[in-house]
Amino acid sequence: MSLSEITQAIAKAETKAGRMQGSARLIAVSKVQPLERVEAVLEEGHRLFGENRVQEAAGKWPAFKERFPDVSVHLIGPLQSNKARQAMELFDAIHSLDRPKLAKTIARLAQELGHCPDLLIQVNTGEEPQKAGILPAEADAFIAEAKAMDLPIKGLMCIPPVEEEPSLHFALLAKLAARNGLAELSMGMSSDFESAVALGATYVRVGSAIFGARVPVA
């Protein structure tokens, strides 16, 4: 699928769900993509991108942001506490706040830097031991704790288990967000974004369907 085909598919899913056009925004996941592919999507006019690693983004986006100042880059991969300062200076939003220690680090740095990116809390909806994220049973308490630190918590993010029906996880995430008064839902990828839009996604994350197969890291 091309960028325009994915954009049209999202718009169609919004209409089908009775949602306002543009309420689900497409994050073009540019991790491990050659610069020329990213540049081509920028030239097409797309301005919202997602990266998994702080170091990779640091080598890619400052130069692009000089040329395309209205671009917005979100961190959608895991964040180590020792990379938090660099992430807060690089990204417009971080979708992977997933533990109290990281929340405390970001809160301290926000005071130092005088600004903080928008934050989404990652919820491990499948309760998978190998996956990052707050467990659903602990989500309400963690959201309250993070809000009490004056952090700009805007919403929730999830990555459903590969072998399970994703819509069950999207519905759970939407329920958690609604219960806590959070507007943003980062959920849905190349294979399931229509279902995510139907269940309220405000960000869908699509990579290889836009850019082509990822180039392996040497």
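How many aromatic pairs does a search of the whole structure find? The search finds two. The structure is a predicted model, and the two pairs are a convenient place to start reading it.

In the first pair, the ring centres of Phe 49 and Trp 61 are 4.9 Å apart and the ring planes meet at 45°, so this pair is tilted. Phe 49 belongs to strand 2, residues 48-51, while Trp 61 belongs to helix 3, residues 54-67; the pair therefore ties together parts that are 12 residues apart in sequence. Both Phe 49 and Trp 61 are buried. The second pair is made by Trp 61 and Phe 64, with ring centres 5.4 Å apart and planes at 55°, so this pair is tilted as well. A pair of aromatic rings is described by the distance of the centres and the angle of the planes.

Trp 61 and Phe 64 are three residues apart in helix 3, and so they are separated by about one helical turn. An α-helix has 3.6 residues a turn, so residues three or four places apart point the same way. Trp 61 counts as buried because its relative accessibility is 1%, under the cut-off of 20%. Phe 64 has a relative accessible area of 6% and is buried too. Phe 49, Trp 61 and Phe 64 together form one aromatic cluster.

Another aromatic ring, that of Tyr 203, has a charged residue over its face: Arg 25 lies there, at 4.2 Å from the ring centre.

The next topic is a set of strands. Strand 4 (residues 93-97) and strand 5 (residues 118-122) run parallel, and three bridges join them. One bridge pairs Ile 94 with Leu 119 in strand 5. Between these strands the chain passes through helix 5, residues 100-113, and strand 4, helix 5 and strand 5 make a right-handed β-α-β unit.

Strand 5 also runs parallel to strand 6 (residues 153-157), and four bridges join these two. Here the bridge partner of Gln 122 is Met 157 in strand 6. From strand 5 the chain crosses through helix 6, residues 136-148, to strand 6, and this β-α-β crossover is right-handed. Is strand 5 mostly covered or mostly open? Strand 5 is mostly covered, with four of its five residues buried.

Helix 6 can be checked by its length. Its 13 residues, at 1.5 Å a residue, should span 18 Å, and the end C-alpha atoms are 19 Å apart, which agrees. The buried residues in helix 6 are Pro 136, Ala 139, Phe 142, Ile 143 and Ala 146. These buried residues pack against strand 4, helix 5, strand 5, strand 6 and helix 7 (166-179). After helix 6 comes Asp 150, whose phi is positive, near 65°.

The last stop is Ala 93, which is found in strand 4. Ala 93 counts as buried because its relative accessibility is 2%. Which residues is Ala 93 in contact with, leaving aside its neighbours within four places in sequence? They are Val 73, His 74, Leu 75, Pro 117 and Asp 118. For His 74, the C-alpha to C-alpha distance to Ala 93 is 4.8 Å, although the two are 19 residues apart in sequence.

Methods:
Residues numbered from 1 in each chain as written. Predicted model: local features only at pLDDT ≥ 70, side-chain atom pairs only at ≥ 80, totals over all residues. Heavy atoms only, no water. Phe/Tyr/Trp six-rings, centres within 6.5 Å; stacked < 30°, edge-to-face > 60°. Buried < 20%, exposed > 50% of the residue type's maximum accessible area, 1.4 Å probe, protein only. Lys NZ or Arg CZ within 6 Å of the ring centre and 35° of its normal. Pairing = 2+ DSSP bridges. Right-handed = clockwise from strand over helix to strand, strands pointing away. Expected span 1.5 Å × (residues − 1). Contact = heavy atoms within 4.5 Å.
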